Amino acid sequence: MSEILVVAELAEGAVRKATHSAIQCARRIQQLVGGSFSILVLGGAGAKAAAGELTSFGAARILCCEDANLEHYLAERYAPVVAAAAQKFDVIVATASSYGKDLLPRVAARLDAAYASDCSDVISKGGQLSYKRPMFAGNAYGFCFLDTPKQVVGVRQSEFEAAQPSGGASPIEDLPLAAPGAAAQRIEFVSLDQVKSERPELAEARVVVSGGRALKDQFFQVIEPLANSLGAAIGASRAACDAGYAPGDFQVGQTGKVVAPELYVAIGISGAIQHIAGMKSSKTIVAINKDPEAPIFQIADYGLVADLFQAVPELVSALEARKKKS
Amino acid sequence: MKILVPIKRVADPDNANKVRIGSGGQKIDTGNLEWKLNPFDEYALEAALRLNEDGKAPKTRLGEVVVVTLGPKEVETNLRSALATGADRALRIETSDEQLDGHLVALALKKVVEEEKPDLILMGKQAVDGDSNQVGQILAELLDYPMATFAATIKADARGLEVSREVDGGVAVVRLGLPALITVDLRIVAPTSVYSAQTDRSFKYNEGVRFAPLPAIMAAKRKKLDVKALGDLVSDGKLRTRYTEFAPPPERKAGKKVSSVADLVSKLANEAKVI
């Protein structure tokens with residue numbers, strides 16, 4: 001039996017979809033070892049309204065800490081609240097987004113708990129939870145036990161499908177702010193610049209179109225029409241990000257975002273190990289590259305050896321023509 | 001300012017596909033791989049050196065950079081190369097790689113921080129072997145220090161450090177008072193990513209990390225390298241995270257080449273049924 005606490009993630013007063021993957025993981029743990037799960041929602045003004053979005057997922061309770069001190073996310077202020085809420089729970093789960101990756105290890109340290117980051121699965125071995133984690137750029141999976149009374153778990157969003165509402169109405173309970181430590185006095189939020197986009201988020205998109213260094217400063221000029229045509233999120237190789245052709249948070253790979261969409265289209269990407277680690281779980285992979293020896297072709301379901309500056313516009317026209325016909 | 005840079009050696013990440021799972025799936029066999037410094041730790045060292053320079057020629061050194069690692073005697077090779085790159089002093093905590101997990105490393109580093117009293121701890125956001133991304137955050141909490149993870153830029157001024165962080169969907173900027181901890185992301189070694197308070201903001205570094213010139217490699221052999229036993233720093237060496245099994249990733253079937261854009265569109269529509 002485990003009592004599980006899911007830590008929700010908010011953005012601009014709404015629950016991020018990433019949270020639903022953590023709920024899915026909580027449900028799986030519940031199936032494996034029994035018990036129940038609750039959800040913690042914390043943030044500034046509007047947190048309580050956001051908590052209302054999560055009452056139909058089968059949680060025993062929604063704990064909500066709405067406080068002006070939590071207006072802007074800072075681990076130094078959030079970790080004490082999560083750790084205080086976690087006192088009555090055995091397993092603390094959140095999605096391994098940049099938020100979860102930043103916050104969870106601090107929570108674990110505060111609880112004197114072991115931490116398993118970026119888990120792709122959880123199984124039960126002899127009644128004990130064992131967490132499956134990708135390591136070595138996804139070239140091996142490790143299964144680990146966490147040998148502490150409390151366990152803290154980060155969930156890889158691409159490996160846990162978003163939980164669907166299951167009905168019911170979980171009660172919302174207020175949770176008081178927990179006082180932060182000295183750390184909070186030496187950090188100040190300055191700004192959060194988020195690119196406003198109509199596109200789906202990279203980690204959540206059904207289709208991802210990624211570009212490599214070969215695109216040079218025509219990155220957006222070439223990639224955007226194709227992404228528009230497919231309703232896709234845009235990703236990039238590390239080389240394209242490092243060269244400044246695409247912003248850093250577009251990076252797909254071991255050290256960037258890990259995605260597993262229905263369709264992944266790699267444009268001018270050679271397929272370094274680190275990039276492949278971030279997209280090889282995609283259902284269908286398409287690669288367009290003029291180098292027939294590029295390693296990306298070894299994992300692509302459909303490879304087209306062609307000059308991308310000709311092939312991509314041609315592909316956009318073909319897709320648009322198809323749309324008109326249907 | 002005094003900066004502590006914890007570093008780790010990892011199995012060559014460019015050959016990570018040569019990682020083999022040992023007999024019975026109980027351990028990872030890295031025997032045929034070369035050891036290298038974790039790339040993010042190289043970036044952290046570069047950022048530490050930039051934060052302690054004034055960007056003038058010749059550069060004036062503004063503070064001490066101390067590198068620390070945990071591991072057997074062989075890891076001194078990596079410490080020496082960090083010393084050749086520009087670190088002033090090194091510390092090795094004697095242990096075997098199998099006796100460690102992230103929490104234990106953080107506990108040991110906490111002791112080092114208490115003894116060394118650095119103004120800043122600068123480290124890689126993750127080691128590319130375990131890919132855990134945890135030691136920095138755990139260490140910051142154990143010390144009750146403020147932190148900025150996934151740092152893309154660090155600008156020092158009289159009031160402290162302004163750090164921009166790469167987060168989902170954009171960039172978050174925080175201001176840190178010292179002492180503090182920063183974990184660095186890839187873009188930290190871009191030409192205009194890191195400035196000390198004394199470096200002119202128009203100064204541009206070379207892209208990437210610096211390389212040690214031959215005289216520095218020779219000089220590094222005479223720099224101070226202390227050794228401590230893990231047991232002297234942490235009394236309870238019990239591991240909390242216990243790996244019992246390893247498995248290879250599922251194989252992807254080799255794909256096929258399509259002859260034209262029309263062929264591709266037709267296969268995506270009729271075979272894969274994704275458009």
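Helix 7 of chain B, residues 261-270, lies across strand 17 and strand 18 of chain A together with strand 16 of chain B, and runs at about 170 degrees to strand 18 of chain A. Helices (H or I, at least four residues) and strands (E, at least two) are here DSSP runs, numbered from the N terminus, while axes are lines fitted to C-alpha atoms, for helices over the stretch in contact, with angles from 0 to 180 degrees between N-to-C directions. The model is predicted, so local features need pLDDT of at least 70 and side-chain atom pairs count only at pLDDT 80 or more, whereas totals for chains, interfaces and linings use all residues. Residues are numbered from 1 along each chain as its sequence is written, and chains are lettered from A and ligands numbered from 1 in the order in which they are written.

The sheet beneath this description draws on both chains: it is open, has six strands in the order 15(A)-14(A)-16(A)-17(A)-18(A)-16(B), and its pairing is parallel, where two strands pair if DSSP finds at least two bridges between them. Its edges are strand 15 (233-236) of chain A and strand 16 (256-258) of chain B, each of which pairs on one side only. From one strand to the next, the twist averages 25 degrees. Where the chains join in the sheet, strand 18 (residues 302-305) of chain A pairs in the parallel sense with strand 16 of chain B over three bridges, and Leu304(A) has Val258(B) as its bridge partner there. Helix 9 (residues 308-325) of chain A also packs on the sheet, touching strand 16 (263-267), strand 17 (284-289) and strand 18 of chain A, and its direction makes about 135 degrees with that of strand 17 of chain A.

Taken over the whole interface, 67 residues of chain B are in contact with 72 residues of chain A, two residues being in contact if their C-beta atoms, placed from the backbone, lie within 7 Å. Among the elements of chain B that each supply at least two residues to this side are helix 4 (135-143), strand 9 (147-157), strand 16 and helix 7. By class, that side has 36 nonpolar, 14 polar and 17 charged residues, with Ala, Val, Leu, Ile, Met, Phe, Trp, Tyr, Cys and Pro counted as nonpolar, Asp, Glu, Lys and Arg as charged, and the others, Gly among them, as polar.

Some backbone details follow. The peptide bond from Ala57(B) to Pro58(B) is cis, with omega near -5 degrees, and Pro58(B) lies in the loop between helix 1 (39-51) and strand 6 (65-71) of chain B. In chain A, Phe136(A) has a phi near 50 degrees, a positive value in a residue other than glycine, and lies in the loop between strand 9 (128-135) and strand 10 (140-146). Phe136(A) is buried, with 28 other C-beta atoms within 10 Å; a residue is buried if 20 or more other C-beta atoms, placed from the backbone, lie within 10 Å of its own, exposed if 12 or fewer, and partly exposed in between.

The largest nonpolar core has 140 residues, and those with the most contacts inside it are Val6(A), Val82(A) and Val5(B); such a core is a set of buried Ala, Val, Leu, Ile, Met, Phe, Trp, Tyr and Cys residues joined through C-beta atoms within 7 Å.
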